[in-house]
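Let's take a walk through this two-chain model, starting where the chains meet and ending in the open space.

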Amino acid sequence: MNVIEIRNLHKQYGSFSLQDVSFGVKQGFITGLIGPNGSGKSTLIKMIMNIVVPDSGEIAVFGQKMPDCEKEIKQRIAFVPDESYYYEDLTIAEMKRIIAPFYKRWSEDVFQGYLEQFELPANKKIKDLSKGMKMKFSLALALSHETDLLIMDEPTAGLDPVFRRELLDILAGLILDEQKSILFSTHITTDLDRIADYITFLNRGQIVFSEAKDNVLERYVLVKGNKELLDRDTSQLFVGIRETGVGFEGLAANRSEAASQFGAHAVLETPSLEDIMFFTVKGGGIRA
Amino acid sequence: MNILISNASADPIYLQIKNQIKASILNGELTPGQSLPSIRQLAKDLQISVITTKRAYEELEKEGLIDSVVGKGSFVSGANQAFIREQRLRQWEEKLIEVTQESKALGISLAELIAHLRMLYQEEEENR
């Protein structure tokens, strides 16, 4: 079952456009939205949150249409934007007192539990919080009103690896109950190599693929070999090739075909999401 | 039971999990009826996708080594004792072949090998 269903979404912004974007976010799983800077990730998330209005297309969350049912939907969404917009001079406790009343199902116990778990001192001013602590505060606020869907825009950008691993653990903990779902965008794909169940890849405003991560990693293959192996035919296999003075490295979208073409003459490896993103974005003929 | 995932391994992660649980069942570390961590708990512990752990469990189910009960979790199956014994016998035979080959390489005669085996076997019985 899909908690978010997006159909034929279009948005034009000057020279940038999102074109015919359709995908779903499955209930009970972690979906990663990847793509280079400027590919439309934030715009897409903002449209799901009705902060940006699409030119055409449909968005449904929990089976209800956005923006018709915006209020009901948003009561059930935990949203963590890419930048926090809090009053810097207020303390954590004061800021919470402003935000909590917006939610019908605010749970003070849950919030206090997160403050403790994240080691956030309630009397500390927002401006004195580190970037990681601000992120944790945003997360605590977002998760304290009995939500079914967590949406985060670049939650790990600018954070150290220690905190990023901690966050991944928190996310895996959230979906233990099989009900809650998570959508998060990131260009730091190593976070997703680990825990994401599904990957939606956006490039230049278009969906490249949206499917189970394990399928993606099994389908694509990274081929490394001598330049003599490259001719007009074999080059056709690649999504992107990087040629250097000492060989080539290319990403092919069809593992079995690449294996039969190159066999033992080249090294075949399972790519990382970063490899897939890099070669897809750069395309053919990268010279280093 | 321990499960260790290696990113450097050529085997996909689901296969690494499957093989390690299977080994624990075959060597008797996991006994019939014993419960396994839930698919989601295991994914969280290993920091990997739920889909990956699910696939490992599904493969183990197909081989009849574990049973999954909706709402209760997964358990080591008691149904497939014959299969488990067969698997263990095969491993036993592989080790015997290895010992035989090594004996030949070292110039140990069959009589010597049997004598040595008898001694080890008796020692093991006395230690019980």
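**Where the chains meet**

In this predicted model, chain A and chain B bury about 1,300 Å² between them, 50% of it from carbon and sulfur atoms; buried area is the accessible area (1.4 Å probe) that two parts lose on being put together, summed over both. On the chain A side, Leu176(A), Arg194(A) and Asp214(A) give up the most area to chain B, together 35% of what that side buries. The contact (heavy atoms within 4.5 Å) draws in 19 residues from chain A and 11 residues from chain B.

Now the charges: 2 salt bridges cross this interface, a salt bridge being a side-chain nitrogen of Lys or Arg within 4 Å of a carboxyl oxygen of Asp or Glu. Glu218(A) pairs up with Arg55(B) in a salt bridge, with the closest N and O atoms 2.8 Å apart.

On to the empty space. The largest pocket (on a 1 Å grid over the protein atoms alone, an open set of points where a 1.4 Å probe fits, with protein on both sides within 12 Å along at least five of seven lines; lining residues have an atom within 4 Å of a point) has 28 lining residues, and Leu217(A), Thr270(A), Pro271(A), Asn7(B) and Ile13(B) lie nearest its centre. Its volume, the space filled by probe spheres set on the points, is about 930 Å³.

Residues are numbered from 1 along each chain as written, and chains are lettered from A and ligands numbered from 1 in the order written. Local features need pLDDT of at least 70 and side-chain atom pairs 80 or more, while totals for chains, interfaces and linings use all residues; side-chain values use heavy atoms, leaving out hydrogens and water.
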